[in-house]
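Trainee: Could you take me through one part of this structure slowly? I'd like a close look at the inside of the protein, and I'm new to this.

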Amino acid sequence: MMEGRSLRLGILLVLCTLPFLRPAAAIRFVIDREECFSHNVDYEGDTVHVSFVVIKAETPWHYTEDGVDLVVKDPNGNQIHDSRDKTSDKFEFIVHKRGVHRFCFTNKSPYHETVDFDVLVGHFSYFDQHAKDEHFGALFEQIAKLDEALYNIQFEQHWLEAQTDRQAILNENMGKRAVHKALFESAALIVASVVQVYLLRRLFERKLGTSRV
């Protein structure tokens, strides 16, 4: 009896969790000036979660804090969200018109930048069917909180990865500068030594010539 009840409870939890699984699209790309992406949302009322992080700027000698612009438009072309000059951002919006939504990034810096971009769509069809049941309502509320917590962890992982990559690039650039500085100083020391030897030889030659006279 207890095993049958546990089995039914497990099946119930699986069925309750399935509606919260989010269709996701994650991509890492290099932007020159402008890049646009499309994502289809099938249901009105869904919540779309968006995050992006500028991982790095592809320049060997310049560490930049330049961000990118992101404009989100609905299927009718109406602007939903606008981010300006940001190296990272996280936001969400409710879909009022189902269909293809466009996400356009703009890079105003002179350098290519690598961007990590995530889109997740939350659809809660079973929630509407069982919202009248207070037990289901409490269960779905807890699942929604867990889902949001998992998403926040994912975003933090991307953010930490971005910070690590940016710091690695800074360290690499500093290392290159140190190596080039050391090479330049070594070359200058060699040139100074050669000039010094040359001047000493000329000085000895003059003294030797004076002695003979």
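Mentor: Happy to; we'll start with the whole chain, move into the core, and finish on the surface. Keep in mind that what you're looking at is a predicted model.

First, the layout. The protein chain has 3 helices and 8 strands. If you read along the sequence, the order is α-β-β-β-β-β-β-β-β-α-α. Now think about which residues meet. Among the contacts in the protein chain with a separation of 6 or more, 79% are between residues 24 or more positions apart. As for burial, 30% of the 213 residues count as buried.

Now to the part you asked about. The largest nonpolar core has 20 residues, and F105 and F117 are the ones that touch the most other members. Where do the residues of this core come from? At least two are supplied by each of these strands: β1 (24-31), β2 (34-41), β3 (47-57), β4 (68-73), β6 (88-94), β7 (99-106) and β8 (113-122).

Let's zoom in on F105. Setting aside its neighbours within four places in sequence, F105 is in contact with a long list of residues, including F29, I31, F37, F52, V68, L70, V115 and F117. That list isn't just nonpolar names, by the way: R33, E34, E35 and D69 are among the contacts too.

Next, look at the rings. There are 7 aromatic pairs in the structure. One of them joins F52 and F105, in an edge-to-face arrangement with 5.5 Å centre to centre and 85 degrees between the planes. Why does this pair deserve a second look? F52 sits in strand β3 and F105 in strand β7, so the pair ties together parts that are 53 residues apart in sequence. How covered are the two partners? Buried means under 20% relative accessible area. F52 has 0% relative accessibility, so it counts as buried, and F105 is buried as well, with a relative accessible area of 0%.

F105 has another ring partner. With F117 it forms an edge-to-face pair, 5.0 Å centre to centre and 80 degrees between the planes. Here F105 is in strand β7 and F117 in strand β8, so this pair ties together parts that are 12 residues apart in sequence. At 4% relative accessibility, F117 also counts as buried. Step back a little and you'll find that ring pairs link F29, F37, F52, F103, F105 and F117 into a cluster.

While you're in strand β3, find S51, which has its place there. S51 is buried too, because its relative accessibility is 4%. Its C-alpha atom is 8.2 Å from that of D116, although S51 and D116 are 65 residues apart along the chain.

Finally, for contrast, come out to the surface. The protein chain exposes about 14100 Å², and carbon and sulfur atoms supply 59% of that. V191, V195, Y198 and L199 make a nonpolar surface patch of about 390 Å². One of these, V195, is found in helix α3 (residues 134-212). With 42% relative accessibility, V195 counts as partly exposed. So if you go back to the model, try F105 as your starting point, because F105 is buried at 0%, and then find V195, which is partly exposed at 42%.

How values were computed: Residues are numbered from 1 along each chain as its sequence is written. This is a predicted model: local features need pLDDT of at least 70, side-chain atom pairs count only at pLDDT 80 or more; totals for chains, interfaces and linings use all residues. Side-chain values use heavy atoms; hydrogens and water are left out. Helices (H or I, at least four residues) and strands (E, at least two) are DSSP runs, numbered from the N terminus. Buried means under 20% relative accessible area, exposed over 50%, partly exposed in between (1.4 Å probe, protein chains only). Contact means heavy atoms within 4.5 Å. Accessible areas come from the Shrake-Rupley method with a 1.4 Å probe; for residues, only the protein chains shown count as cover. A nonpolar core is a set of buried Ala, Val, Leu, Ile, Met, Phe, Trp, Tyr and Cys residues joined through side-chain atoms within 4.5 Å. Rings of Phe, Tyr and Trp (its six-membered ring) pair if their centres lie within 6.5 Å; planes under 30 degrees apart count as stacked, over 60 as edge-to-face and the rest as tilted. Patches are made of residues with over 30% relative accessible area and no salt bridge: like charges are joined within 9 Å, nonpolar side chains (Val, Leu, Ile, Met, Phe, Trp, Tyr) within 5 Å. A salt bridge is a side-chain nitrogen of Lys or Arg within 4 Å of a carboxyl oxygen of Asp or Glu.
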